[in-house]
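Let's take a walk through this model together. Keep the sequence and the 3D view side by side, and turn the view as you read.

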Amino acid sequence: MALPSLVDVNKPDGKHFTVCGDVHGQAIQSMKRLQFLIILHSFLNGLPSEDNPYLFNGDFLVRGSFSVEVILTLFAFKCMSPSAIHLSCGNHESKSMNKIYGFEGEVRSKLSDKFVELFAEVFCYLPLAHVINEKVFVVHGGLFSTDGVKLSDIRAIDRFCEPPEEGIFC
């Protein structure tokens, strides 16, 4: 089942909600964060659970040489704990950015052409934004090219395509 473009998340009172942003395929930095999740209870907040969720807020790819490992690890966490791990789409999760910045080539060299297309399809399913407890709006900074975007505008976006050249989803 596809998530909506804007996901409403409820954080239990008195519980942590950890937001991580702009991983950019930097495996050394990112893997340290993810190791803390597993071994050292990331940032002292504990393992992901319904009472202790995490949101990775887009741009998982392209500036490091371990983008494949980063995104596969995040997908594995999402599969393990679907309600405890949230993933948002950033401006780098698109075919054009993947081609320009090297993720496409990394995928071809480490996996295959088929995975290039699979990643492109999966990225279209990632939500664009989250609202935590009806108070905190979390969106990747590189998404909207127009001012005055309302939550209802985001909810109405049909994101199951590549971002267009103009409009609120570009």
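Asn 133 is partly exposed, at a relative accessible area of 24%. Here buried stands for under 20% relative accessible area, exposed for over 50%, and partly exposed for in between, with a 1.4 Å probe and protein chains only. Asn 133 sits in the loop between β5 (129-132) and β6 (136-139), and its phi is near 55°, a positive value in a residue other than glycine. Glu 134 is in the loop between β5 and β6 too, and phi of Glu 134 is also near 55°, again positive in a residue that isn't glycine. Glu 134 counts as exposed, because its relative accessibility is 74%.

A word on where this comes from: the model is predicted, so local features need pLDDT of at least 70 and side-chain atom pairs count only at pLDDT 80 or more, while totals for chains, interfaces and linings use all residues. Residues are numbered from 1 along each chain as its sequence is written, and side-chain values use heavy atoms, leaving out hydrogens and water.

Now follow that loop into its strands. Strands (E, at least two residues) and helices (H or I, at least four) are DSSP runs, numbered from the N terminus, and two strands pair if DSSP finds at least two bridges between them. β5 and β6 run antiparallel, joined by 4 bridges, and Ile 132 stands opposite Val 136 in β6. They belong to an open sheet of 3 strands in the order β1-β5-β6, with mixed pairing. At its edges you'll find β1 (6-9) and β6, each pairing on one side only. From one strand to the next, the twist averages 20°; axes are lines fitted to C-alpha atoms (for helices, over the stretch in contact), and angles run from 0 to 180 degrees between N-to-C directions.

Next, go back along the chain to the loop between β1 and β2, where you'll meet His 16. His 16 counts as partly exposed, because its relative accessibility is 42%. His 16 and Tyr 54 are 38 residues apart along the chain, and their C-alpha atoms are separated by 8.7 Å. Tyr 54 has another link to look for: it is the bridge partner, in β3, of Thr 18. β2 and β3 (residues 54-57) pair in the parallel sense over 3 bridges.

Which order do the strands take here? It's β2-β3-β4, an open sheet of 3 strands with parallel pairing. β2 (18-20) and β4 (85-88) are at the edges with a single partner strand each, so each has one side without a neighbour in the sheet. The twist averages 15° from one strand to the next.

Lying across β3 and β4 is helix α2 (residues 67-80), which runs at about 135° to β4; contact here is heavy atoms within 4.5 Å. You can check its length, too. The expected span is 1.5 Å times one less than the number of residues, so the 14 residues of α2 should span 20 Å, and its end C-alpha atoms are indeed 20 Å apart. Buried residues in α2 include Val 68, Ile 71, Leu 74, Phe 75 and Phe 77.

Finally, look for the largest pocket, with a volume of about 310 Å³. Of the 14 residues lining it, the closest to its centre are Phe 75, Lys 78, Leu 87, Val 122 and Leu 126. α2 gives the largest share of that lining, 3 residues. A pocket is an open set of points on a 1 Å grid over the protein atoms alone, where a 1.4 Å probe fits, with protein on both sides within 12 Å along at least five of seven lines; lining residues have an atom within 4 Å of a point. Grid points are joined across faces, edges and corners, and the volume is the space filled by probe spheres set on them.
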